[in-house]
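Welcome to a short tour of a protein model. Please take a look at the sequence and structure below before reading on.

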Amino acid sequence: FDIYFSLPGTGATPPVDPVGDDDLASLIGAATASVDMALFDFDRQNVIDAVLAARSRGVSVRMVGDGDNIAEAGYQQMQAAGVPMVLRPPSSNIMHNKFVVVEGRYVWTGSTNVTDNDFVRNNNNALLLESAEMATAYTGEFDEMFVGQRFGGAKTRVASSNTTTINGTNVEYYFGPHDQLMSRVLAKLDTAQRSVRFMIFTFSRD
């Protein structure tokens with residue numbers, strides 16, 4: 001596991017240059033077989049450059065994105081390079097994923113869009129996990145959108161289990177909307193005995 005937090009600073013304090021994007025770019029830079037990306041917003045140039053370099057050296061690169069974001073730099077440069085892309089049709093429920101699967105072995109995910117805004121200006125988190133089992137599950141979710149061209153409620157459940165173990169640590173992972181994410185959150189809240197701490201961008205669910 002690698003865990004990342006952006007450090008945007010407050011007020012006049014300048015942001016701290018993040019390492020999460022550099023590590024993601026390095027991971028993609030080391031790829032020899034495959035890179036699959038499901039990204040909502042995408043304009044972080046060092047990551048874009050790493051993806052384009054991977055494609056130029058023969059790595060299989062695929063992207064799922066959101067049709068409303070087609071004008072963004074990452075989308076435009078992927079299109080120009082001929083990277084195979086499938087986009088969620090505009091004006092339907094958004095494709096809000098932020099995950100990258102590399103070599104069928106590594107999963108990068110979290111709240112962070114691969115953008116200047118999310119790495120430098122906003123508070124975000126990201127995880128990099130090494131797990132072939134999780135990579136398989138995330139690739140299955142990716143293929144629901146890329147191969148099946150199914151988004152939102154049209155997707156089907158792909159993971160036979162939502163749990164795995166990495167280096168003795170139990171890990172749970174879920175995909176919306178078919179894994180009923182709100183019920184998972186509520187179930188965890190119902191177990192609280194002493195404290196609940198949360199950081200949430202949009203908070204409106206009764």
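What follows is a walk through charged pairs, the nonpolar interior and a patch on the surface.

Please keep in mind that this is a predicted model.

## Charged pairs

Side chains of opposite charge can pair when their charged atoms come close. How many salt bridges does a search of the whole structure find? There are 11 salt bridges, and the table introduces three of them.

| Salt bridge | Closest N to O |
|---|---|
| Arg88 and Asp68 | 3.0 Å |
| Glu130 and Arg105 | 2.5 Å |
| Glu141 and Lys155 | 2.5 Å |

Let us begin with the salt bridge between Arg88 and Asp68. Arg88 belongs to strand β4 (residues 85-88), while Asp68 sits in the loop between β3 (60-66) and α3 (73-80), so this pair ties together parts that are 20 residues apart in sequence. Is Arg88 buried or exposed? Arg88 counts as buried because its relative accessibility is 0%, which is under the 20% cut-off. Its partner Asp68 is partly exposed, at 47% relative accessibility.

Next comes the salt bridge between Glu130 and Arg105. This pair links distant parts of the chain: Glu130 is in strand β7 (residues 125-130) and Arg105 is in the loop between β5 (98-102) and β6 (106-110), 25 residues apart. Glu130 has a relative accessible area of 40% and is partly exposed; Arg105, at 42%, also counts as partly exposed.

The salt bridge between Glu141 and Lys155 completes the table. Glu141 lies in helix α5 (residues 132-146), and Lys155 lies in the loop between α5 and β8 (163-166), so the pair ties together parts that are 14 residues apart in sequence. Glu141 is buried, with a relative accessible area of 0%, and Lys155 is buried at 8%. Elsewhere, salt bridges that share partners join Asp21, Arg44 and Asp116 into one network.

## One face of a helix

Asp21 also appears among the buried residues of helix α1 (residues 20-29), along with Gly20, Leu24, Ala25, Leu27 and Ile28. Why do these buried residues line one face of the helix? Seen down the axis of α1, they fall within an arc of 160°, so they line one face. An α-helix has 3.6 residues a turn, so residues three or four places apart point the same way.

## The nonpolar interior

In soluble globular proteins, nonpolar side chains tend to be buried together. Here, the largest nonpolar core has 28 residues, and those with the most contacts inside it are Ile28, Val35, Met37 and Phe42. Which elements each supply at least two residues of this core? They are α1, β2 (34-39), α2 (45-56), β3, α3, β5 and β7. Helix α2 gives the most, with 5 residues.

Met37 is a good place to look around. Leaving aside residues up to four places away in sequence, Met37 touches Phe42, Val51, Val61, Arg62, Met63, Val64, Met78, Phe99, Val100 and Phe142. Apart from the largest core lies another core, of 20 residues, including Val64, Val101, Leu129 and Met145.

## A patch on the surface

Nonpolar side chains also appear on the outside. A nonpolar surface patch of about 760 Å² is made by Met182, Val185, Leu186, Leu189, Val196, Phe198, Ile200 and Phe203. One of these residues, Val185, lies in helix α6 (residues 181-189). Val185 is partly exposed, with a relative accessible area of 45%.

Technical notes
Residues numbered from 1 in each chain as written. Predicted model: local features only at pLDDT ≥ 70, side-chain atom pairs only at ≥ 80, totals over all residues. Heavy atoms only, no water. Salt bridge = Lys/Arg side-chain N within 4 Å of Asp/Glu carboxyl O. Helix = DSSP H or I, 4+ residues; strand = E, 2+ residues; numbered from the N terminus. Buried < 20%, exposed > 50% of the residue type's maximum accessible area, 1.4 Å probe, protein only. Arc of directions from axis to C-beta. Core = buried A, V, L, I, M, F, W, Y, C linked by side-chain atoms within 4.5 Å. Contact = heavy atoms within 4.5 Å. Patch = residues over 30% accessible without salt bridge, like charges linked within 9 Å, V, L, I, M, F, W, Y side chains within 5 Å. Areas by Shrake-Rupley, 256 points an atom, 1.4 Å probe, with all protein chains shown as cover.
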